[in-house]
Amino acid sequence: MSVFPTDDRETRSLTLPETLESVRGVDLHLHSTSSDGKLSPTELADLCHARGMTHVALTDHDTLDGVEEARQRCRHHGIHLMAAAELSCQWRGIALHIVALLPHGTSRALDAGLASLAHARELRSREIAHRLEKVGLDDGLARARREAGSERPLGRPDFAAALVSAGVVPDIKTAFKRYLGAGKRGDVRMHWPELATVVGWIRDAQGIAVVAHPLRYGMTRRKRDLMFSAFIEAGGEAAELVSGYQNPDTTHDLARQLDFHGLYGSIGSDFHYPGGALSPGTISPPPRSHVEPVWCHPSLRGFACGE
Ligand code: AMP
Ligand code: MN
Ligand code: MN
Ligand code: MN
(Lines give C-alpha, C1' and ligand atoms only; values in the text may rest on other atoms or scores of the structure.)
(Ligands and ions follow the chains in the order given, each with its own letter.)
Protein backbone atom coordinates (compact mmCIF):
# COMPACT_ATOMS: atom_id res chain seq x y z
CA MET A 1 0.00 0.00 0.00
CA SER A 2 1.22 3.46 -0.77
CA VAL A 3 2.06 5.97 1.91
CA PHE A 4 0.42 8.69 -0.13
CA PRO A 5 -3.16 9.15 -1.21
CA THR A 6 -3.68 8.89 -4.95
CA ASP A 7 -4.71 12.41 -5.64
CA ASP A 8 -4.42 14.54 -2.56
CA ARG A 9 -3.99 17.91 -4.16
CA GLU A 10 -3.96 19.69 -0.82
CA THR A 11 -0.56 18.23 -0.12
CA ARG A 12 0.86 19.83 -3.26
CA SER A 13 2.77 22.80 -2.01
CA LEU A 14 5.48 24.72 -3.78
CA THR A 15 7.85 24.94 -0.86
CA LEU A 16 9.37 21.90 0.79
CA PRO A 17 9.65 21.55 4.57
CA GLU A 18 12.98 21.74 6.38
CA THR A 19 12.67 18.29 7.90
CA LEU A 20 12.61 14.91 6.27
CA GLU A 21 9.94 13.20 8.32
CA SER A 22 7.09 15.49 7.31
CA VAL A 23 7.68 15.41 3.59
CA ARG A 24 5.25 14.17 0.99
CA GLY A 25 5.25 14.45 -2.74
CA VAL A 26 9.05 14.22 -3.09
CA ASP A 27 10.84 11.45 -4.94
CA LEU A 28 14.44 11.98 -5.96
CA HIS A 29 15.14 8.56 -7.45
CA LEU A 30 13.13 7.44 -10.50
CA HIS A 31 13.89 5.52 -13.69
CA SER A 32 12.53 5.70 -17.24
CA THR A 33 13.12 3.93 -20.58
CA SER A 34 16.25 6.07 -20.98
CA SER A 35 17.82 3.38 -18.80
CA ASP A 36 16.23 0.27 -17.29
CA GLY A 37 12.81 1.71 -16.40
CA LYS A 38 9.70 0.61 -18.28
CA LEU A 39 7.85 3.94 -18.61
CA SER A 40 8.89 6.67 -21.03
CA PRO A 41 9.84 9.97 -19.36
CA THR A 42 6.42 11.31 -20.38
CA GLU A 43 4.54 8.33 -18.94
CA LEU A 44 6.62 8.59 -15.77
CA ALA A 45 5.74 12.29 -15.39
CA ASP A 46 2.05 11.40 -15.84
CA LEU A 47 2.29 8.76 -13.13
CA CYS A 48 4.11 11.18 -10.81
CA HIS A 49 1.27 13.61 -11.34
CA ALA A 50 -1.33 10.94 -10.62
CA ARG A 51 0.55 10.02 -7.44
CA GLY A 52 0.57 13.60 -6.17
CA MET A 53 4.29 14.22 -6.59
CA THR A 54 5.43 17.84 -6.47
CA HIS A 55 9.24 17.53 -6.57
CA VAL A 56 10.99 14.77 -8.48
CA ALA A 57 14.33 13.83 -10.00
CA LEU A 58 14.75 11.55 -13.00
CA THR A 59 17.80 9.44 -12.16
CA ASP A 60 18.42 7.11 -15.08
CA HIS A 61 21.58 5.01 -15.00
CA ASP A 62 24.55 6.90 -16.46
CA THR A 63 22.51 9.18 -18.72
CA LEU A 64 20.62 12.46 -18.86
CA ASP A 65 18.84 11.47 -22.08
CA GLY A 66 15.32 11.41 -20.62
CA VAL A 67 15.54 14.65 -18.68
CA GLU A 68 14.36 17.06 -21.36
CA GLU A 69 11.26 15.03 -22.22
CA ALA A 70 10.46 14.54 -18.52
CA ARG A 71 10.96 18.26 -17.90
CA GLN A 72 8.45 19.24 -20.56
CA ARG A 73 5.78 16.91 -19.26
CA CYS A 74 6.46 17.82 -15.61
CA ARG A 75 6.14 21.50 -16.50
CA HIS A 76 2.76 20.72 -18.03
CA HIS A 77 1.68 19.15 -14.72
CA GLY A 78 3.27 21.80 -12.50
CA ILE A 79 5.76 19.33 -11.04
CA HIS A 80 9.30 20.50 -10.23
CA LEU A 81 11.85 18.29 -11.91
CA MET A 82 15.53 18.15 -11.04
CA ALA A 83 17.97 17.12 -13.76
CA ALA A 84 19.80 14.09 -12.40
CA ALA A 85 21.39 10.73 -13.13
CA GLU A 86 22.47 7.65 -11.18
CA LEU A 87 26.14 7.12 -11.94
CA SER A 88 27.93 3.78 -11.74
CA CYS A 89 31.33 3.60 -10.06
CA GLN A 90 33.41 1.42 -7.78
CA TRP A 91 35.07 1.77 -4.44
CA ARG A 92 37.43 -0.94 -3.18
CA GLY A 93 36.06 -3.24 -5.86
CA ILE A 94 32.44 -2.76 -4.76
CA ALA A 95 30.02 -1.37 -7.37
CA LEU A 96 28.38 1.79 -6.02
CA HIS A 97 25.67 4.08 -7.36
CA ILE A 98 25.96 7.82 -6.92
CA VAL A 99 22.99 10.03 -7.71
CA ALA A 100 24.04 13.32 -9.29
CA LEU A 101 21.54 16.09 -8.55
CA LEU A 102 22.21 18.77 -11.14
CA PRO A 103 20.48 22.09 -10.44
CA HIS A 104 22.86 23.78 -12.90
CA GLY A 105 22.64 21.07 -15.55
CA THR A 106 25.66 19.32 -16.94
CA SER A 107 29.22 20.42 -17.70
CA ARG A 108 31.85 19.46 -20.20
CA ALA A 109 33.64 17.18 -17.73
CA LEU A 110 30.37 15.52 -16.72
CA ASP A 111 29.34 15.07 -20.36
CA ALA A 112 32.70 13.44 -21.05
CA GLY A 113 32.17 11.28 -17.96
CA LEU A 114 28.75 10.18 -19.17
CA ALA A 115 30.23 9.32 -22.57
CA SER A 116 32.90 7.22 -20.86
CA LEU A 117 30.22 5.44 -18.82
CA ALA A 118 28.29 4.62 -22.00
CA HIS A 119 31.51 3.19 -23.42
CA ALA A 120 32.14 1.26 -20.19
CA ARG A 121 28.65 -0.23 -20.48
CA GLU A 122 29.43 -1.29 -24.03
CA LEU A 123 32.64 -3.10 -23.03
CA ARG A 124 30.95 -4.55 -19.99
CA SER A 125 28.01 -5.88 -22.04
CA ARG A 126 30.39 -7.83 -24.24
CA GLU A 127 32.11 -9.25 -21.16
CA ILE A 128 28.80 -10.18 -19.52
CA ALA A 129 27.62 -11.90 -22.74
CA HIS A 130 30.92 -13.77 -22.90
CA ARG A 131 30.65 -14.94 -19.31
CA LEU A 132 27.03 -16.01 -19.67
CA GLU A 133 27.83 -18.14 -22.71
CA LYS A 134 29.34 -20.59 -20.27
CA VAL A 135 26.01 -21.06 -18.51
CA GLY A 136 24.09 -21.65 -21.73
CA LEU A 137 23.14 -18.19 -22.99
CA ASP A 138 23.88 -18.18 -26.72
CA ASP A 139 24.06 -14.92 -28.60
CA GLY A 140 23.59 -13.06 -25.33
CA LEU A 141 24.48 -9.62 -26.65
CA ALA A 142 21.88 -9.71 -29.45
CA ARG A 143 19.29 -11.20 -27.12
CA ALA A 144 19.87 -8.55 -24.45
CA ARG A 145 19.67 -5.88 -27.15
CA ARG A 146 16.31 -7.24 -28.29
CA GLU A 147 15.06 -7.26 -24.70
CA ALA A 148 16.14 -3.64 -24.24
CA GLY A 149 14.02 -2.73 -27.24
CA SER A 150 16.03 0.37 -28.06
CA GLU A 151 19.58 1.52 -28.73
CA ARG A 152 20.24 2.63 -25.17
CA PRO A 153 23.27 1.15 -23.37
CA LEU A 154 22.55 -2.28 -21.92
CA GLY A 155 22.36 -3.13 -18.26
CA ARG A 156 22.16 -6.27 -16.18
CA PRO A 157 18.32 -6.32 -16.26
CA ASP A 158 18.52 -6.76 -20.07
CA PHE A 159 20.76 -9.80 -19.60
CA ALA A 160 18.41 -11.09 -16.91
CA ALA A 161 15.54 -10.84 -19.43
CA ALA A 162 17.74 -12.57 -22.04
CA LEU A 163 18.43 -15.45 -19.63
CA VAL A 164 14.68 -15.83 -19.07
CA SER A 165 13.73 -15.68 -22.77
CA ALA A 166 16.46 -18.21 -23.60
CA GLY A 167 15.01 -20.54 -20.98
CA VAL A 168 18.18 -20.62 -18.87
CA VAL A 169 16.28 -19.43 -15.79
CA PRO A 170 12.55 -19.26 -15.00
CA ASP A 171 12.41 -15.60 -13.97
CA ILE A 172 14.33 -12.35 -13.47
CA LYS A 173 14.74 -12.92 -9.77
CA THR A 174 16.48 -16.23 -10.36
CA ALA A 175 18.64 -14.66 -13.08
CA PHE A 176 20.02 -12.16 -10.54
CA LYS A 177 20.26 -14.71 -7.79
CA ARG A 178 22.26 -17.16 -9.87
CA TYR A 179 24.15 -15.14 -12.44
CA LEU A 180 23.89 -11.36 -12.22
CA GLY A 181 23.65 -10.35 -8.57
CA ALA A 182 26.56 -8.94 -6.55
CA GLY A 183 29.58 -11.22 -6.77
CA LYS A 184 28.06 -13.56 -9.39
CA ARG A 185 29.75 -14.22 -12.73
CA GLY A 186 27.68 -11.68 -14.64
CA ASP A 187 28.36 -8.89 -12.14
CA VAL A 188 31.19 -7.28 -14.10
CA ARG A 189 32.56 -4.24 -12.29
CA MET A 190 35.97 -3.74 -13.78
CA HIS A 191 34.93 -1.08 -16.26
CA TRP A 192 33.42 1.37 -13.79
CA PRO A 193 35.37 4.50 -12.83
CA GLU A 194 36.46 5.11 -9.25
CA LEU A 195 34.12 6.76 -6.76
CA ALA A 196 36.31 9.88 -6.48
CA THR A 197 36.36 10.31 -10.28
CA VAL A 198 32.58 10.26 -10.55
CA VAL A 199 32.11 12.63 -7.61
CA GLY A 200 34.64 14.93 -9.32
CA TRP A 201 32.48 15.08 -12.47
CA ILE A 202 29.42 15.97 -10.39
CA ARG A 203 31.32 18.71 -8.57
CA ASP A 204 32.53 20.05 -11.90
CA ALA A 205 28.88 20.53 -12.91
CA GLN A 206 28.18 22.25 -9.55
CA GLY A 207 25.96 19.32 -8.70
CA ILE A 208 25.36 17.47 -5.47
CA ALA A 209 26.60 13.91 -5.15
CA VAL A 210 24.29 11.55 -3.25
CA VAL A 211 25.15 7.96 -2.30
CA ALA A 212 22.22 5.92 -3.62
CA HIS A 213 20.66 3.22 -1.39
CA PRO A 214 23.64 2.96 1.03
CA LEU A 215 22.15 -0.13 2.68
CA ARG A 216 22.11 -2.17 -0.52
CA TYR A 217 25.81 -2.85 -0.93
CA GLY A 218 26.07 -5.61 1.66
CA MET A 219 28.49 -3.52 3.73
CA THR A 220 28.93 -3.66 7.47
CA ARG A 221 28.30 -0.40 9.30
CA ARG A 222 32.05 0.03 9.73
CA LYS A 223 32.65 -0.43 6.02
CA ARG A 224 29.91 2.08 5.28
CA ASP A 225 31.70 4.55 7.55
CA LEU A 226 34.85 4.12 5.49
CA MET A 227 32.89 4.49 2.27
CA PHE A 228 31.19 7.68 3.49
CA SER A 229 34.58 9.10 4.54
CA ALA A 230 36.06 8.40 1.10
CA PHE A 231 32.94 9.87 -0.52
CA ILE A 232 33.14 13.06 1.55
CA GLU A 233 36.86 13.40 0.91
CA ALA A 234 36.07 13.31 -2.81
CA GLY A 235 33.49 16.10 -2.39
CA GLY A 236 30.29 14.11 -1.81
CA GLU A 237 27.64 15.78 0.33
CA ALA A 238 24.56 13.59 0.70
CA ALA A 239 23.19 10.06 0.89
CA GLU A 240 19.75 8.52 0.54
CA LEU A 241 18.27 8.13 3.99
CA VAL A 242 15.33 6.19 2.59
CA SER A 243 15.26 4.12 -0.59
CA GLY A 244 11.79 2.71 -1.19
CA TYR A 245 10.41 0.62 1.63
CA GLN A 246 12.78 0.53 4.54
CA ASN A 247 12.61 -0.81 8.07
CA PRO A 248 12.23 2.21 10.45
CA ASP A 249 14.87 0.84 12.84
CA THR A 250 17.35 0.53 10.01
CA THR A 251 16.54 4.04 8.87
CA HIS A 252 16.98 5.35 12.40
CA ASP A 253 20.48 3.91 12.57
CA LEU A 254 21.36 5.16 9.09
CA ALA A 255 20.17 8.64 10.14
CA ARG A 256 22.66 8.55 13.02
CA GLN A 257 25.39 7.59 10.61
CA LEU A 258 24.54 10.38 8.14
CA ASP A 259 24.35 12.84 11.01
CA PHE A 260 27.75 11.72 12.28
CA HIS A 261 29.27 12.35 8.85
CA GLY A 262 27.38 15.60 8.32
CA LEU A 263 25.73 14.32 5.15
CA TYR A 264 22.46 15.70 3.83
CA GLY A 265 19.66 13.14 3.47
CA SER A 266 17.76 12.36 0.29
CA ILE A 267 14.77 10.11 -0.33
CA GLY A 268 13.61 8.18 -3.38
CA SER A 269 11.59 5.17 -4.40
CA ASP A 270 14.02 3.81 -7.04
CA PHE A 271 10.90 3.17 -9.10
CA HIS A 272 11.47 1.19 -12.32
CA TYR A 273 8.10 -0.10 -13.51
CA PRO A 274 4.43 -0.18 -12.55
CA GLY A 275 2.95 -3.36 -11.16
CA GLY A 276 5.72 -3.92 -8.66
CA ALA A 277 5.58 -2.95 -5.00
CA LEU A 278 6.92 0.52 -5.67
CA SER A 279 5.50 3.52 -7.45
CA PRO A 280 6.66 7.14 -7.39
CA GLY A 281 6.50 8.38 -3.83
CA THR A 282 6.31 4.97 -2.12
CA ILE A 283 8.87 5.83 0.49
CA SER A 284 8.67 4.87 4.16
CA PRO A 285 8.61 8.21 6.03
CA PRO A 286 11.88 8.53 7.95
CA PRO A 287 11.79 8.93 11.73
CA ARG A 288 12.60 12.31 13.25
CA SER A 289 16.34 12.93 13.06
CA HIS A 290 18.96 15.64 12.81
CA VAL A 291 19.64 14.85 9.17
CA GLU A 292 18.98 17.87 6.97
CA PRO A 293 17.04 17.23 3.76
CA VAL A 294 19.19 17.54 0.66
CA TRP A 295 16.78 20.20 -0.68
CA CYS A 296 17.99 22.46 2.17
CA HIS A 297 21.41 22.48 0.47
CA PRO A 298 22.00 26.10 -0.66
CA SER A 299 22.30 24.95 -4.29
CA LEU A 300 18.82 23.41 -4.23
CA ARG A 301 16.97 26.35 -2.74
CA GLY A 302 15.34 27.21 -6.06
CA PHE A 303 14.08 23.66 -6.46
CA ALA A 304 12.79 23.43 -2.87
CA CYS A 305 10.98 26.73 -3.13
CA GLY A 306 9.44 25.95 -6.49
CA GLU A 307 11.17 28.73 -8.36
P1 AMP B 1 23.51 -2.31 -14.01
O2 AMP B 1 23.33 -0.82 -13.86
O3 AMP B 1 23.61 -2.73 -15.44
O4 AMP B 1 24.60 -2.85 -13.15
O5 AMP B 1 22.15 -2.97 -13.49
C6 AMP B 1 21.74 -2.72 -12.18
C7 AMP B 1 20.22 -2.70 -12.12
O8 AMP B 1 19.75 -4.03 -12.08
C9 AMP B 1 19.68 -2.05 -10.87
O10 AMP B 1 19.58 -0.67 -11.02
C11 AMP B 1 18.31 -2.68 -10.78
O12 AMP B 1 17.42 -2.02 -11.65
C13 AMP B 1 18.54 -4.09 -11.32
N14 AMP B 1 18.75 -5.08 -10.26
C15 AMP B 1 19.81 -5.18 -9.43
N16 AMP B 1 19.67 -6.24 -8.61
C17 AMP B 1 18.49 -6.82 -8.92
C18 AMP B 1 17.76 -7.96 -8.44
N19 AMP B 1 18.25 -8.73 -7.46
N20 AMP B 1 16.58 -8.23 -9.02
C21 AMP B 1 16.09 -7.47 -10.01
N22 AMP B 1 16.72 -6.39 -10.49
C23 AMP B 1 17.90 -6.06 -9.98
MN1 MN C 1 18.05 0.01 -12.38
MN1 MN D 1 20.98 1.81 -7.94
MN1 MN E 1 18.12 3.39 -9.28
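Student: What is the volume of the second largest pocket?

Tutor: In this predicted model, the second largest pocket has a volume of about 250 Å³.

Student: What makes a residue count as part of the lining of a pocket?

Tutor: A lining residue has an atom within 4 Å of a point of the pocket. For the second largest pocket, 14 residues line it, and Arg71, His80, Leu81, Phe303 and Glu307 lie nearest its centre. Two or more lining residues come from each of α2 (67–77), β3 and α10 (301–304).

Student: Which element gives the most to that lining?

Tutor: The element is β3, with four residues.

Student: How many residues of each class are in the lining of the second largest pocket?

Tutor: There are eight nonpolar, three polar and three charged residues.

Student: Why are Glu86, His97 and His213 called donors of the manganese ion (ligand 3)?

Tutor: A donor is an N, O or S atom within 2.8 Å of the metal. Glu86 (OE), His97 (ND1) and His213 (NE2) lie 2.1 to 2.2 Å from the manganese ion (ligand 3), so they count as its protein donors. Along the sequence, these donor residues are spaced E-x10-H-x115-H.

Student: Where in the chain are Glu86 and His97?

Tutor: Glu86 is in strand β3 (residues 80–91) and His97 is in strand β4 (residues 94–101), 11 residues apart.

Student: Are Glu86 and His97 buried or exposed?

Tutor: Both are buried, which means under 20% relative accessible area.

Student: How many Å apart are the manganese ion (ligand 3) and the manganese ion (ligand 2)?

Tutor: The two ions are 5.6 Å apart.

Definitions and conventions. Residues are numbered from 1 along each chain as its sequence is written. Chains are lettered from A and ligands numbered from 1 in the order in which they are written. This is a predicted model: local features need pLDDT of at least 70, side-chain atom pairs count only at pLDDT 80 or more; totals for chains, interfaces and linings use all residues. Side-chain values use heavy atoms; hydrogens and water are left out. Donors are N, O and S atoms within 2.8 Å of the metal (3.2 Å for Na, K and Ca); water is not among the atoms, so sites may look incomplete. Buried means under 20% relative accessible area, exposed over 50%, partly exposed in between (1.4 Å probe, protein chains only). On a 1 Å grid over the protein atoms alone, a cavity is a set of points where a 1.4 Å probe fits but cannot get out, and a pocket is an open set with protein on both sides within 12 Å along at least five of seven lines; lining residues have an atom within 4 Å of a point. Grid points are joined across faces, edges and corners, and a volume is the space filled by probe spheres set on the points. Ala, Val, Leu, Ile, Met, Phe, Trp, Tyr, Cys and Pro count as nonpolar, Asp, Glu, Lys and Arg as charged, and the others, Gly among them, as polar.
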